[in-house]
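Thanks for coming. I will take a few minutes on one model, starting with confidence and ending with the cysteines.

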Amino acid sequence: MVVAARKGGVTGSPLTSSPMSITSTAQPGFLGGWLSRIHLPKWALIAVAVAGAILFLLFLICIIKCCCCKKKPKKKERVGLLAVSSSTTANLVQPEMEDLEQGMEQTWRGKLQYSLEYNFCAQELKVGVKQAAELKAMDNGGTSDPYVIVYLTSDMKRRYETKVYRRTLNPVFNETFTFQVPQAEVPESMLVMQVYDFNRFAKHEIIGEVRLPLAKVNLQHIIEQWSDLAAASKVEEQQLGEICFSLRYVPSTGKLTVLILEAKKLKRMDSHGLSDPFVKVHLILNRKKWKKTTSVKKNTLSPYFNEVFVFEVPFSQIQNVDVVISVWDHDKVTKNEPIGKLFLGCRATGNQLRHWSDMLSNPRRPLAQWHSLQPSEVVDKALGLKAHIKLPLTSR
């Protein structure tokens, strides 16, 4: 019994002493040691782990989606550009917002404040140039020396200028200019206000301009407003006026009839804003000239003539004829000044050539048409350089 008890004690002793031996010899893992330091219940740890896994999955999904979205447009764009010709490919490019903003900065020229007041009794238009703001810098120092030129396209000779303001992009002018404009001519006039940068040693540079058709303005009330400056027109279209005349040619008799009917919107040549127009008709053939002249119409920009002139031109020479029609301003004291001219014949172009061709293809029939007058030097140069164009003739 004693021996059995000893054997049992020896065999049972490890069981009774196991707790002490476990705590003294077991090595806890890294995860177990880290978890033992967090004093949270088990369900909280599980919730945190699940939330972390969900966030990680969402992150992966976002990365995959972004990669796919970037690849798809490239593939579509490549297909689309191959199917379009190279001349129109540039139209498919969508500019970025930064490019648009940069373009706006480059084209921005500033703005101008002005006022308009029309006196119906005195038939006067008062134009007030108030101020400009945020002008484009034209000098190296980041400023400009601005001033404003004001005129009407119906009267190019009369121009007004404001004072020059040094080194500023926000000048205050507060100057008023008066134009004599008959009420009937107001809808046909355009007000032009051009802002220039003054330069003492070089040509003045234009910053921008405001063009205002008076036909679109309600002059029943005083107007005061701001307008953005636009790029200036490269060439100022000079309004010289229009003339209406009729052409008729009879091949059997060789008679060319020119009927001067009327003119309108002629350029003002006199100081009082009118003209004393008359018309010259020249027939040029083989360097020889025949001239006929209408009567003078006093103080008008829309004269009515209704005067007829007949020239004898053989049918064999009709292709070599130039007919020059010019409008002049009569002056008793000084030399007569040309307002504008045009020429017709086989060397002409545009409406003049079309009118001449219609006359030749419709013998014995008078054909009337309106034509715009051109500067005299332009017509004279064209007469000296143009070559003849053979037109089909009808001899009936």
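This is a predicted model, and the protein chain averages a pLDDT of 79, with 73% of the residues scoring at least 70. Over residues 1-26 the pLDDT is below 50, and that stretch has 0 contacts in the model beyond near neighbours in sequence. Residues 70-105 also have a pLDDT below 50; here the model shows 5 contacts beyond near neighbours in sequence.

Now the overall picture. The protein chain has 396 residues, and 34% of them count as buried. It contains 7 helices and 16 strands. If we take contacts between residues at least 6 apart in sequence, 64% join residues at least 24 apart. The accessible surface of the chain is about 25,300 Å², and carbon and sulfur atoms account for 57% of that.

Next, the surface. Which residues form a nonpolar patch there? They are Ile-46, Val-50, Ile-54, Leu-55, Leu-58 and Ile-61, and together they have about 580 Å² of accessible area. Take Val-50 from that group: it sits in helix 4, which covers residues 42-82. Val-50 counts as partly exposed because its relative accessibility is 45%, and partly exposed runs between the 20% and 50% cut-offs.

Last, the cysteines. How many disulfides does the structure hold? The count is 0. Are Cys-244 and Cys-346 buried or exposed? Cys-244 is buried, because its relative accessible area is 8% and the cut-off for buried is under 20%. Cys-346, at 1%, is buried as well.

That is what I have; over to you.

Definitions and conventions: Residues numbered from 1 in each chain as written. Predicted model: local features only at pLDDT ≥ 70, side-chain atom pairs only at ≥ 80, totals over all residues. Heavy atoms only, no water. Patch = residues over 30% accessible without salt bridge, like charges linked within 9 Å, V, L, I, M, F, W, Y side chains within 5 Å. Areas by Shrake-Rupley, 256 points an atom, 1.4 Å probe, with all protein chains shown as cover. Salt bridge = Lys/Arg side-chain N within 4 Å of Asp/Glu carboxyl O. Helix = DSSP H or I, 4+ residues; strand = E, 2+ residues; numbered from the N terminus. Buried < 20%, exposed > 50% of the residue type's maximum accessible area, 1.4 Å probe, protein only. pLDDT = per-residue confidence, 0-100. Contact = heavy atoms within 4.5 Å. Disulfide = S-S within 2.5 Å.
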